Amino acid sequence: MEPVTPQIPTLIEVLKGRPAARTPLWLMRQAGRYLPEYRALREKSGGFMEMCLTPELAAEITLQPVRRFPLDAAILFSDILMVPHGLGQPVRFEEGRGPVLDALDRGGDLKRLDSTGFSQRVAPVMAAIRLVRERLPKGTALLGFAGAPWTVASYRIEGGSSRDFEKAKAWAYGDSAGFVRLIEILVNATTDYLLAQIEAGVDAVQIFDSWAGALAAAELQRWGLEPTAEIVRRVKQRYPDVPVIVFPKGAGVSYADYASRCDCNALSLDQSLPPAWAARELQPKKVLQGNLDPLLVVQGGAAMKAAAENILKTFGAGRFVFNLGHGILQTTPPDHVAELCEIVHGWRGTA
């Protein structure tokens, strides 16, 4: 294998399958509500979408955690619903409820989704990336991201979060041709969105399929894996050297299909996946990322240390990025994040 190049961030080297002196670390949702500096900024700023679409604010929030902690990457402060926003579907965030969209009707006309104005609507996101790129500490990677088509489609159809995804599944099962058209629109828009982020300056991108676990095995293949793999294929066709991470949360043993059939560089693991199984079945094929339970970082102390060290023992000798099994929780004490950074970066083991 090629040696690590000092000019390239450690995270990017590992995502490309190269050896590193230590395990790189970043945390999903590391920029956000658990940080007092974020809460202070939020009080003086507009709503969540306004913050995402104000480049100076989005850049500042992106940089807050890497100023406080020795993380190996900054991930852009934004949201997976930027693609619906870019397609002209109104998105807002309500306190205590989360994202709210003007739901798409199964019988509605998909032509009202405006792809022609997409670049202009997401331009503030690209401006934020350029600002972060200018200010990011040397050696720290910058990550962009997007939602996977199934997850984004479910938000668009349900009008927000859902427990059973009844409307989205009813559309997919009852009008498969119409659902295919919606997925195709999202594949095209998501590809364009990720390519624009790369061109604005991110070092790697992650595709979040947060609701992959809501699909049965056959539907996960059709609505989860295949559209995501097509996005990865198109991104790699344009930028073959830019690493792509895929996170099919809740996919269970279907992670093995992603490892075999998706050309991503890395798979991000949720906390339900047994590390030993993942190390045996997935790590020979892909760089792995994960998968500490976010509640353990809320707890901190001996429980967090023991679980983190078990993950490091299991994955550390291979190609591995330390992360959580999902996003960091609002109740997480920042001191526990600092403690986790010490554990991971201090780990040597057999790596």
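1. Start with one facing pair: Gln206 stands opposite Ile245 in β6. Keep in mind that this is a predicted model. Gln206 belongs to a strand contact worth tracing: β5 (residues 204-209) and β6 pair in the parallel sense, over 5 bridges.

2. Next, the route between these two strands. β5, helix α11 (residues 217-238) and β6 form a β-α-β unit, and the unit is right-handed.

3. Ile245 also has a partner in β7: Ala266 stands opposite Ile245 there. The chain gets from β6 to β7 by way of helix α12 (residues 255-261), and this β-α-β crossover is right-handed. β6 and β7 (residues 266-268) run parallel, joined by 2 bridges.

4. How many residues of β6 are buried? The strand spans residues 244-248, and 5 of its 5 residues are buried. Both faces are covered. Val244, Val246 and Pro248 lie on one side. Ile245 and Phe247 lie on the other.

5. Now the aromatic rings. A search of the whole structure gives 14 aromatic pairs. Take Phe315 and Phe320: their ring centres are 4.9 Å apart and their planes meet at 25°, so the pair is stacked. The cut-off for stacking is under 30 degrees.

6. Are Phe315 and Phe320 buried or exposed? Phe315 has 0% relative accessibility, so Phe315 counts as buried. Phe320 has 2%, so Phe320 counts as buried too. The limit that decides this is under 20%.

7. Look also at a cluster linked by ring pairs. Its members are Trp150, Tyr155, Phe165, Trp171, Phe179, Trp211 and Trp223.

Technical notes
Residues are numbered from 1 along each chain as its sequence is written. This is a predicted model: local features need pLDDT of at least 70, side-chain atom pairs count only at pLDDT 80 or more; totals for chains, interfaces and linings use all residues. Side-chain values use heavy atoms; hydrogens and water are left out. Rings of Phe, Tyr and Trp (its six-membered ring) pair if their centres lie within 6.5 Å; planes under 30 degrees apart count as stacked, over 60 as edge-to-face and the rest as tilted. Buried means under 20% relative accessible area, exposed over 50%, partly exposed in between (1.4 Å probe, protein chains only). Helices (H or I, at least four residues) and strands (E, at least two) are DSSP runs, numbered from the N terminus. Two strands pair if DSSP finds at least two bridges between them. A crossover is right-handed if, with the strands pointing away from the viewer, the path from the first strand over the helix to the second runs clockwise.
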